[in-house]
Amino acid sequence: MAVVEPIQKKIKAHQYVYDSIAYVLSPENKHGDEKCFQATCLNCDGNNVDSITKHFYLTRYAFNKDKEILAHHYVQSFSPNEKITPELAHQIGVELAEKVAPGFQVVVSTHIDKNHIHNHIIINSVSMETGMKWKGNKTTLTEVLQKESDKICKLYGLTTIKNKSGLKGVDQTTQKLAEQGKSWKVELCKALDEAVKMCNTKQEFIDFMKRKNFDITRYGEKDITFQKIGEKKKIRASRLATQFGDYYTKENLEKLMGFYRLPKKSEQPPDIKNSKPQKSSFISEFEKYEKNHFSKNPPPAKISETKFLQQIIRNSNRPLLILLLIIMRLLIRQNKKSRLNKKYSILHRYCSQQKYKIYKPSLKEQIAKTEKMQMTAGNIPYRNLVAAQGENYRIKIALSSVPKLYAYPFFFSARLYKDYALVTIKEKDKLLLQKALAVENIQVLENHNKHYSSKADYIALKNRAEQLGVKIEFLNITAEQFEKLKDEKDRFVSSLADGKIRLAFLPQNKDYILHTLYPDKYKTNDLFSVARNSKVNTKLKSEALLGGQKMRYRTLTKKQVEKLYAESDTKELFAVFNKNAKGQSLGDNYNIAFKESDIEKIENALNNQEKTKRKNFP
C-alpha cells in the first residue's frame, strides 16, 4: 500500500512553482538515470513546464488569489517489496488526483529512479471551477488523501503496510489476479461500492448483487456470505473487511444503505427503575472527574421534591423567572454543603453585576429584562462540557423539567429560553437523563437528539467540502421556510441555533436553496436575478480562463442592459450586477461582465443603440 506525504517546504513563490513542475517532469535525474516514467496533467492544456505553469497562474489570477501558498506538492510512495509496475503506479496516482481534487489543475508524475516507485502530485492552490483554495492541512492528508489512496490500492489488490488499521492484507493469488483485472474479490468490492449508493432496502440489495453476478448465499444477523456466480469459493463480509477495510462489514454496509437495525437484545427499551449506566472497560478522564465531583458534591435537589418544583413552574405566569429563583435556591443549598465555585453560575454573575450599577431598575423592569435574556443553567460551563471527552448529546425539554436534572449525578448545561430549554450532556449519561425525565422509551430522546444535534452529518458534509476544495456556506431560516425544503434534506444539514434553524450546505446547492426559499427574488429566467447571474458569471470566468482571456466590465443603465439582452445572439453573453467590486450599490446603473473575446459584440450592440437614439431625437 502507498504512503502519501507532503513536501515540507511550502510553495510560496512563482519561481518555486516553475522549479517544482520542472523537477517532476524532468526525464532524467542529475546522474543521468531515467527518472520520469510517465506524466499526466489534469485540467491543463499542454504538457510542458511553461504551459502548465502559465495555466496554474491564470487560474489563481482570475480569482484574485495569486498569493500565499501557490501550489501543494505531495509524494505517493509504494513499498520496495510491493510487486507493482510503473504503469499501475501511475494509474493509481491519476485516479487519486481525480478523486480528491476534482476541478483542480494537477500534475501527476511517476518516478522510477529510487529503490521504490513513487508518484509526485502537484495541485494548484485554486480550483478552476469554484475559485476556492485547496486546504493543505493534516486533516486533508490523513482523512482525504491517505484514505482515498488506501482504498484505491486495496481495489487493485496491493498488499498492506503494517499500520494501526488491523488489516491483514490480501493473498498473493488475489494480488496477481487484481493486477491482471481478473480478481472476483475486487469486483465484489466495486459492486458493493455501487450498492451503497443505489439500494435502500435489504431486498433491493440482494437483487442488485444478483444483477452484478453475485449470489448472497446466507444473510445472517451477524454476517453476509457472498459467492460469485461460476466460482466455487465463498467469502463473508467480515473476511472481506479484514482484507479491504471495515467499510465492507455487514453493519457498515447496512448503515450506508439506511436499513441497519440494532441486535434484538438492544431493541428492548431499558427498565427505567433498574437501569444503570452501561459499564465499559475504558474510563475516560472526564468520567473519573465526574464521579469524583459528585462524590464530594452530591446533587442539590432531591428526587422526591422535583415533582413539586415542576408543578410550581407549570402553574406560574412567569416560568423562566420562577425557574431562576429555584436554581438560585438549589445553589445556595449546595453551598452550605460544600464550597462550590460560584464562577460557574451565570445566574450568580448576573446577580453580582447588579451591585456595580448606579441605576437601580424597578422589579417590573428587572423581570422584563430577565425574560428577554438568554440564561444558562447547569453544573458545568457549556464550553468545558462540549470540549470534554465523549460525544455530546442534545435535547429540548420544558422549563418545568429542568429542576429534575439537579437531582442526578451527571454534568449538564442548559440554555434557558422563555418557553423551553436546550440541554446538553455527554452521550454516556443518556440513561441517567432518561431516568430523570421519566421517559419510557429511549428512542424518544434519540429522535430529539437527531433533530437538535447534527454533528455526524455536519462532519460528513465538511469532509465532502474538503474533498471538493470548497467552503461550507450557512443560512438562517424560519420553521415555515424549512417546510419548503423538507423533501430536499440531502442537499443540506440543519441544526437549531438560538431558536433559529441553521442550514449548512455546499456552494453547488446554494442556487437551488435560494430559489426554493425566495422564488420571487431568485428567478433563474429573470435577467436581473442573483441565481441566473451567479451561474452565468462563473461560466464566463471559466471559459475566459481556459482561453487565456480576461474578463471585461461596463456600466450601463437598466434600459441599455435589457435592450442588449434582447439583441444578443446568446442569452449567456454577459452577467449583470447592481453592485461594484466593493459591494457598494450602483443605484440605477448596472455592471455587466463579459469575456474579452466578446467585446466587439458588446460594442457593436451599444453603438447601434446610440445610432437609434440620435435617429429618433427630434
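Start with helix α11, residues 285-296 (helices are DSSP runs of H or I with at least four residues, strands are runs of E with at least two, and both are numbered from the N terminus). At 1.5 Å a residue, its twelve residues should span 16 Å, and the end C-alpha atoms are 17 Å apart, which agrees. The expected span is 1.5 Å times one less than the number of residues.

This is a predicted model, where local features need pLDDT of at least 70, side-chain atom pairs count only at pLDDT 80 or more, and totals for chains, interfaces and linings use all residues. Residues are numbered from 1 along each chain as its sequence is written, and side-chain values use heavy atoms, leaving out hydrogens and water.

Which residues of α11 are buried? They are F286, E290, H293 and F294. These cover an arc of only 85 degrees around the axis, which puts them on the same side of α11. The arc is taken from the directions from the helix axis to the C-beta atoms. On the other side, E285, K291, S295 and K296 are exposed. Buried means under 20% relative accessible area, exposed over 50%, and partly exposed in between, with a 1.4 Å probe and protein chains only.

Now turn to strand β12, residues 420-426. Seven of its seven residues are buried, so β12 is largely enclosed by the rest of the structure. In a regular strand the side chains alternate between the two faces of the sheet. Both faces of β12 are covered: Y420, L422, T424 and K426 lie on one side, A421, V423 and I425 on the other.

Look at its partners. Strands pair if DSSP finds at least two bridges between them. β10 (residues 392-398) pairs with β12 in the antiparallel sense over seven bridges. There, I395 stands opposite V423. β11 (residues 413-416) also pairs antiparallel with β12, over four bridges. Here R415 stands opposite L422. β11 and β12 form a hairpin with three residues between them.
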